[in-house]
Structures are given as structure tokens and as C-alpha cells.
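Work through the exercises below with the model open. Try each task before reading its solution.

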Amino acid sequence: MVQCPDRIIASMDTGVDDALALAYLFGSADECELGGVIAGYGNVDANTAYANTCAVLDLFGRADIPVFLGSEHPSWADAFIPDAGCAQFHGDDGLGNTRLAGSGALADGAGVPGDDMSVDVPDEVVSVGGYLAGDVHAHPALGACSRVNRSRSVGHPQSAMPTALASGGKRRCSVDAADGIEYLIEQVREFGRDVTVLATGPLTDVDAAITRAPDIASKLRLVMMGGTLTQPGNCWDAVAETNIIQDPEAANRVFHSGADITMVGLDVTHQCLLPQSAADRWRATGTKRGRFLADLADFSIKANLEADPALFSGGMPLHDPLAAAVALDSSLVDCFDLALRAETNTGDFNGVRGRTTGDPVGLVNHSMPHVHVALGVDSERFLDEFVERMAEVCR
């Protein structure tokens with residue numbers, strides 16, 4: 001009997017490690033079929049994520065894979081502005097300043113470096129990288145908020161052609177902006193747990209799909225990159241993780257939805273460090289693809305080393321690529337199952353917003369949904385396989 005390849009639907013905020021995860025999936029074509037990519041906000045704004053996704057697919061000869069526009073802002077806000085922290089680790093274009101997507105990588109309304117950094121959007125709630133505009137921790141990326149896009153509601157999206165593709169890109173996708181979440185719903189309804197939703201950005205898209213179509217929750221298999229249980233976070237409070245802080249409300253609803261969820265968080269991704277030798281190997285292929293992947297790795301290795309020389313002396317953490325690998329081979333990680341929640345408030349008897357922790361109600365109500373939280377990883381096997389497959393796709 002012929003084993004059919006796994007079907008993957010990706011929800012991404014396409015930055016450096018999202019792009020590496022895509023390339024890894026291309027190198028795993030014998031094992032998986034990438035059915036489509038939903039590009040939304042997070043590392044960058046949604047239009048930039050869309051343009052980046054299309055550019056990466058085009059570079060690797062996969063223009064056949066459909067790309068859909070996902071959520072433009074978290075469920076708790078009306079608009080989103082990328083923050084300086086993400087720009088530090090992903091570049092102002094989201095792809096390590098490689099400019100792969102051309103000038104279109106700067107989304108409509110993103111402004112240019114040197115613009116007035118003030119935010120003046122009356123009567124709108126604005127998220128700056130997960131923090132309320134005006135919060136002491138809200139630091140917009142350079143040029144990111146001279147104008148704020150009045151984004152559609154993720155619950156009731158409108159048809160629109162992503163403006164980031166208006167010029168300069170190879171791909172001319174006539175895509176309906178409403179299709180991202182609808183596509184996710186349709187795929188889960190059709191394939192059930194024979195399709196894996198791989199989420200490497202905020203969980204807003206997944207939450208919006210479950211909210212719009214509650215019947216899919218019990219059929220949904222989700223592998224997500226985000227959260228941390230036993231390690232410090234990577235946000236200002238050193239508690240929350242970036243993808244969760246963007247939309248803790250959405251994450252908390254997804255955790256309690258009853259879906260089959262595997263959380264690939266900092267507990268394991270910080271054990272999977274890509275060394276400089278891997279980037280050198282890819283560059284040595286002399287191909288445009290090899291140079292691009294090496295440039296991504298070089299940028300991230302440098303940024304992470306500058307941020308924490310002790311933790312990242314061995315290289316860049318492969319956050320999203322590890323989640324992609326786990327979506328194909330769950331044996332790479334050892335999981336601890338528990339009722340999980342994302343804190344949505346900060347303060348006495350609440351905790352810290354964005355923290356992922358066990359839900360204490362689960363201690364007394366054993367029927368609560370449980371999440372598979374990855375706490376152990378076969379890092380050597382994963383890294384060997386990752387570097388080898390990426391070398392193959394460079395050719």
C-alpha cells in the first residue's frame with residue numbers, strides 16, 4: 001500500500017524562520033504536500049507577510065502553491081503595527097533585509113524610515129507587536145506607523161487584493177482576502193485530521209476559523225510554534241513568548257477548543273541551534289537559493305548572538321523549522337500533556353499577560369482539553385536532517 005504524503009496548511013507571519021520552514025517543507029516533498037499558505041500579521045504586517053510568502057515560493061519554483069491573506073491584526077485590536085524587536089530579528093523587510101520581495105515588501109501604509117513615529121488613530125485600539133499603543137513596551141519598527149492601515153475585522157473579512165503585490169512581484173494571484181480563514185475551514189472540513197495546520201505566527205487565524213466554524217474544532221490537528229512552559233519567555237517580561245503575546249485571547253480560546261494541539265515552544269526550539277557552518281554550506285552551492293538561505297541564516301545568527309551571547313553562541317534557534325518538522329514527524333519531540341491556558345491579564349491573582357501555563361481547573365476537571373507540550377527534542381537528528389534537506393533545495 002502506497003503511503004500518501006502528509007497534507008499541510010501553513011499559517012505564517014512570514015519572517016526569517018518562517019521562510020526557512022517553507023524551504024524545509026519544499027525539501028520534504030516526498031513526505032508532505034503543502035496545500036496552501038495563509039499569510040498574516042506578526043513578525044511583519046500581513047501584506048508584507050503575503051509578499052514575502054509569494055516571493056519565497058517563486059524563488060523555489062513553487063508558484064503552484066496558493067497563498068491567502070490572513071488576519072491583519074489580533075482579535076483584541078483594530079489595527080497592528082510591527083515592532084522594533086521583530087525587525088531586529090527579521091529585518092525591516094521580514095527576510096533579513098534581503099529584499100527578496102522587492103519594494104513591495106513594505107506594506108501599504110508602512111511609511112519609510114525617518115517618518116514621524118507617532119500613532120494617531122482616534123477611537124481605534126492599536127497593537128504594537130502585541131502591546132497596546134502607548135504602553136512603555138510598545139516600540140514600533142522604524143517607519144512602521146506613519147500611517148495605520150484600517151484593517152478589516154478578522155471575523156468578517158472583505159474581499160481585497162493585497163496591495164503589497166501591486167508591483168514588482170512575479171506572482172499575480174487574484175486572491176480574495178476572505179479566503180484565508182475560509183480556506184482553513186474548508187480544508188479541515190474536507191480532510192479532518194488528515195490535514196495538519198502548521199501555525200508559525202499568532203493563533204489569530206486558527207481562532208477566527210474556529211469561531212466562525214465551531215464544528216471544525218474536534219477535527220482540527222494543529223502544530224503550533226509558540227509559548228514556553230519551563231523556560232523564560234522572549235518578550236520584555238521574560239515570561240511571555242512572542243507569538244502568544246501578539247494575541248493571548250486567541251491562543252487561550254484555541255487551547256480550550258478541543259482541537260488536537262502540539263505546542264512547539266522555546267522549551268525545545270532553544271535546543272535546536274543552526275551553526276554558521278550550515279549557512280556556509282548552503283552559500284557554497286553558488287545558487288540564488290543557496291545564497292538566500294545563507295543570507296537568512298547569517299542575519300539571524302548575528303542578531304541572536306548580539307541579543308544573548310550565552311544562549312545563542314551555537315547559532316540561531318530554529319523555531320518555525322522545528323515546528324514544521326514535528327508536523328511531519330512527531331517522534332522528534334517528547335510531549336507532556338496538560339490542560340493549558342494563555343494568561344490574558346497582568347496583575348495580582350491574574351499572572352502575566354501572554355504566559356502559557358497549566359490551567360488549574362484541569363487539575364479537578366479531567367475532561368478539559370489537553371495540549372501536547374513539547375519538552376524534549378532529538379535535536380541532533382533534527383539538525384542533521386534539516387541541514388541536509390536544505391542543502392538539497394539549494395540546488
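**Exercise 1. Find what share of the 395 residues is buried, and how contacts spread along the sequence.**

Step 1. Buried residues (under 20% relative accessible area, 1.4 Å probe, protein chains only) make up 56% of the 395 residues.
Step 2. Take contacts (heavy atoms within 4.5 Å) between residues at least 6 apart in sequence; 80% of these join residues at least 24 apart.
Step 3. Note the basis. This is a predicted model, where local features need pLDDT of at least 70, side-chain atom pairs count only at pLDDT 80 or more, and totals for chains, interfaces and linings use all residues. Residues are numbered from 1 along each chain as its sequence is written, and side-chain values use heavy atoms, with hydrogens and water left out.

**Exercise 2. Trace the open sheet of eight strands and find its edges.**

Step 1. Count the elements: 13 helices and 15 strands. They are DSSP runs numbered from the N terminus (helices H or I, at least four residues; strands E, at least two).
Step 2. Read the strand order: β3-β2-β1-β7-β8-β9-β15-β12, with mixed pairing. Pairing takes at least two DSSP bridges between two strands.
Step 3. β3 (67-69) and β12 (333-338) are the edge strands, each pairing on one side only.
Step 4. Neighbouring strands are turned by 25° against each other on average, direction ignored. Axes are lines fitted to C-alpha atoms, for helices over the stretch in contact; angles run from 0 to 180 degrees between N-to-C directions.
Step 5. Helix α11 (319-328) packs on this sheet, and its direction makes about 160° with that of β8. The strands touched include β1, β2 and β7.
Step 6. Zoom in on β2 (32-39): three bridges join β2 to β3, and the two run parallel. Val 37 has Val 67 as its bridge partner in β3.

**Exercise 3. Describe the lining of the largest pocket.**

Step 1. A pocket is an open set of points on a 1 Å grid over the protein atoms alone, with protein on both sides within 12 Å along at least five of seven lines; lining residues have an atom within 4 Å of a point.
Step 2. The lining has 41 residues, with Gly 85, Phe 89, Asn 234, Cys 235 and Thr 242 nearest the centre.
Step 3. Elements giving two or more residues include α1 (16-26), α10 (288-307) and α11.
Step 4. α3 gives the most, with six residues.

Technical notes
Buried means under 20% relative accessible area, exposed over 50%, partly exposed in between (1.4 Å probe, protein chains only). On a 1 Å grid over the protein atoms alone, a cavity is a set of points where a 1.4 Å probe fits but cannot get out, and a pocket is an open set with protein on both sides within 12 Å along at least five of seven lines; lining residues have an atom within 4 Å of a point.
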